[in-house]
Amino acid sequence: MPQVPKTCPATGQPVPKDYLHTCDGHFVDTSGRTVLLRGVNLSGSSKAPLGQPSHVLDDFWSSAEAGGRSFVGRPFNLDDGSADAHLTRLRGWGFNVLRYPITWEALEHEGPGQYDYDFIDYTIRVLYKCKEYGFKVYIDPHQDVWSRFSGGSGAPYWTLPACGINPQALTATQAAIIHCEYPNTSANPDPAVLPSMLWSTNYSRFASQTVFTLFFGGKTFAPKCVLDGVNIQDYLQSHFIRAFEVLADRMRDAGGLLDDVVIGWDSVNEPSGGLIGYEDLNVYPAAQGASAKMGTLPTAASVAQARHGHRADSGQLHLCGSVTIDPKGVRMWADSSTEPNGIHPKWGWKRSSEWTLGKCIWALHGVWDIDTAALLRPAYFRYYPTPSSGLSDPTDPDPRPIRYLEEFFLPHLSDYVTRIRAAHPSAIAFVQAPVFAIPPQIPESLLKGRGCHSTHYYDGLTLVTCHWHFYNADALGLIRGKYSSPIFAAKLGERAIRASIQSQLAILKYPTIIGEIGTPIDLDNKKAYDPMGKGYGDYSDQERALDASLNAADGPNVLDYTVWTYCPDNTHMWGDGWNNEDLSLWSENDVRGGTKNAEAAAVLLAPVRASNITSGALSSPYASPRSSITAKPMPLYEVLKFLRDGARAVRAFCRPYPVKVVGTPVDIQFDIGKASLKIKVRVTPEDTPIGSNSDKSVSSDGESALATEIFLPLVHFASKECVERSVAVHDREQQVDPETSEEVRDVVEAKSRHGSATTLPLGSQLLAVETIQTEGYAVEVKVSEGRVEIDESEQMLRWYYATPVSKEKEVSIEVKRVGGAIDWTRSSTAVWSMEREVVKWMERLCDGCPEGCMIM
């Protein structure tokens, strides 16, 4: 690792002690240790306001037309103590970074230029709370298929009328699939039957295609679309960027957040180019990954006809031929009567006289003819307009092809990063290109040494089918032409699937953070949720699927990631509250009881909170009140029970990893079935950590004064006694209350505070093996050299070793749980089986009851 700079490359200013560098392809702290960032998205619930999940139609349109609802309360309640419980849980799972979704709608829902400062200030309070728990955060300007009002999330309602669209006609014309109106508005909607991932087809539906085309390419493809004297592209982009600039300014002015907590800003989530680059509007794009192929699959040409009230044919998955889309005269385009004299009565903009409301904007630009429904320019979005006509012309002898990424996406990214850095000069630019796209070359003049690739990865087969299969495919290799035939991309068996996913992620270059990675929890028709079924509470398939993905980030890839997602209000019925997705790592419906959340939050990570609370934060008007509960060390079996309670597939995501490394981690091997961890580290003379006095920090015997810190979760490495007692708290008769036994409490407090340390000889060429047994842990540790300590209160193993004087070397460590992996399924099954029997007994009590009574 090269010498860590003492100044920020973007500003030239000295860096604070908690600053993270992006150098040599890694995140590096100010001491020179490599930092691995692993965490979660907080939260998927933030796509919608409180009380308005995507399946609720009541007040959906009326509140939007009135200026929308505030997002205050997202991602969780700061005033009832639950925030501490949630952050405690996330920290206890080993997460050290949060991707923080915020939608444009949340900032500017009331109208153009009207910002929700109550929500912004609430967000700042949440970030101070995250700081108490030692999290790093990067902000995610989240969107899916443009807006909640086009079937996804992101942009405010008013952006659709600004584009000349009538949002309430989108379902009838199939310009978008909107959850609360599914399958149609002519009968009673039944949002519960919305198929998994059908929402994603909105990327290839006309509403999303049109608005994204205007957002990125309005000046090129829709020059007549002018609002308040500027092209619709500039109008939309300037409002989007300004909204997040206002947020960044407010964070800066609050103090103690930028760099200390918020390390950077993601670019817009999963952006789409809309129609930009389409080769032929008569043909559905053949390129894989363009959009999920489910439901009706209209071409852009047939879509344009239907959105103007005409009947049109549309392909449909699993059907031969086509079906007919009949909007019965309903048009997607807003009527001119909605803007008297070209001025909108609610939002106030003035529309150019050239932009005729009620007419398809692509017909307005000569792409197709309304009267004959004939497509006039099928390659309109493929080539740049000719100077003479202002329209693209494929017959031109030398047409210039469109390059979306370089000429449309990159200029917007540059404007966004520049404006954000006006408030946050040293922000890391997390760059996310469109799904499956190879990111464009980004100039160093924009990144300024502070850039990170923030791609997404999902196992598409499991995501779409909601089933863990014995087969899969190398989707990325297939899309990028690696195979001469799709059959060669097929992978059979779990070992082949895991190897394939790891090889797909191997193409990612450093520094990279996988912004989203996860798996559905509601597999196989929610089998794990049925208290009367044999699969109740069994998340083994979810665990295998999620482990296959997260394992791919280990190995030689050694990638950073934030799992999608953690939703405090997830339910078995409606999942994450958005388009029937259900990927949350935790659900209150899975909580079995035991430790009270407020108590757990107060005591579990008290040392971590204390070290991150500064006098500035406490004096800030945004800071939340401190908990009044006196912090006492919690028995580790209670900690273990708390970390598992409500978690789904916890063994897959609560996994060991090197958090801070003296040197560079080159391989991580974690076997979930054996509770075995192996880590290899490359160490050079330059890797000697820098002390507080900016000198290389070593002890008298050559050992590094700072350790490599490895998160060692109790979920995998707890002692047999700790496991048994954590399971026993489910049974109130067997529960041990440490408050009733001073002797027990004294032992617990001593062990929790001090942990255990084992010293091994430096410079040994043979692997030394030691067994460490404490109240919480029972592990065998094998190191190539050095000494180790376990801090139970932080679930952290610290490994000290010498850095070389001249040549680089490789050091290794292996940790195994004594007795092998914990068999959680056997102990959990007994509890869940008892619950099923209780349900059956209660049903027998009411058998034949004419009133159909319920026992609460």
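Axes of helices are lines fitted to C-alpha atoms over the stretch in contact, and the angles between them run from 0 to 180 degrees between N-to-C directions. The exercises below apply this to a predicted model.

**Exercise 1. Describe how helices α4 and α7 are placed relative to each other, and which residues make their contact.**

Step 1. Two packed helices are described by the angle between their axes and the distance between the axes. For helix α4, residues 117-132, and helix α7, the axes come within 10 Å and cross at roughly 50°.

Step 2. Angles under 35 degrees count as roughly parallel and those from 65 to 115 as roughly perpendicular, and α4 and α7 are therefore oblique to each other. The crossing of α4 and α7 is right-handed.

Step 3. On the side of α4 the contact is made by Tyr117, Ile120, Asp121, Ile124, Leu127 and Tyr128, while α7 contributes Val246, Leu247, Arg250, Met251 and Ala254. Sorted by character, the residues of this contact between α4 and α7 are nine nonpolar, no polar and two charged.

**Exercise 2. Carry out the description for α7 and α10, and state how the residues of their contact divide into nonpolar, polar and charged.**

Step 1. Helix α7 spans residues 232-254 and helix α10 spans residues 404-423, and their axes come within 8 Å and cross at roughly 25°.

Step 2. Because angles under 35 degrees count as roughly parallel, α7 and α10 are roughly parallel to each other. The crossing of α7 and α10 is right-handed.

Step 3. In α7, the residues Gln237, Phe240, Ile241, Arg242, Phe244, Glu245, Ala248, Asp249 and Arg252 take part, and they meet His412, Asp415, Tyr416, Arg419, Ile420, Ala422 and Ala423 in α10. The residues of the contact of α7 with α10 divide into eight nonpolar, two polar and six charged.

**Exercise 3. Decide whether Thr220 and Ser43 are buried or exposed, and find what each of them touches.**

Step 1. Thr220 is found in helix α6, residues 206-221, whereas Ser43 has its place in the loop between β4 (38-41) and α1 (60-65).

Step 2. Buried means under 20% relative accessible area. Thr220 has a relative accessibility of 18% and therefore counts as buried, and Ser43, at 0%, also counts as buried.

Step 3. Leaving aside neighbours within four places in sequence, Thr220 is in contact with Tyr384, Pro385 and Phe408. With residues up to four places away likewise not counted, Ser43 touches Pro75, Pro101, Thr565, Tyr566, Cys567 and Pro568.

Step 4. Ser43 and Pro75 are 32 residues apart in sequence, yet from C-alpha to C-alpha they are 5.8 Å apart in space.

**Exercise 4. Which residues touch the most other members of the largest nonpolar core, and which element gives this core its largest share?**

Step 1. The largest nonpolar core has 191 residues, and of these Trp93, Trp265 and Trp362 touch the most other members. Its largest share, twelve residues, comes from α7.

Step 2. Taking Trp362 as the example, and not counting residues up to four places away in sequence, one finds that Trp362 touches Phe206, Thr210, Thr213, Leu214, Phe221, Ala222, Leu275, Val367, Trp368 and Phe381.

Step 3. Apart from the largest core lies another core, of eleven residues, among them Val35, Tyr138, Ile263 and Cys452.

Step 4. For the chain as a whole, 59% of the 856 residues count as buried, and the chain has 25 helices and 30 strands.

How values were computed
Residues numbered from 1 in each chain as written. Predicted model: local features only at pLDDT ≥ 70, side-chain atom pairs only at ≥ 80, totals over all residues. Heavy atoms only, no water. Helix = DSSP H or I, 4+ residues; strand = E, 2+ residues; numbered from the N terminus. Parallel < 35°, antiparallel > 145°, perpendicular 65-115°, else oblique. Left-handed = near helix turned anticlockwise from the far one by under 90°. Contact = heavy atoms within 4.5 Å. Nonpolar A, V, L, I, M, F, W, Y, C, P; charged D, E, K, R; others polar. Core = buried A, V, L, I, M, F, W, Y, C linked by side-chain atoms within 4.5 Å. Buried < 20%, exposed > 50% of the residue type's maximum accessible area, 1.4 Å probe, protein only.
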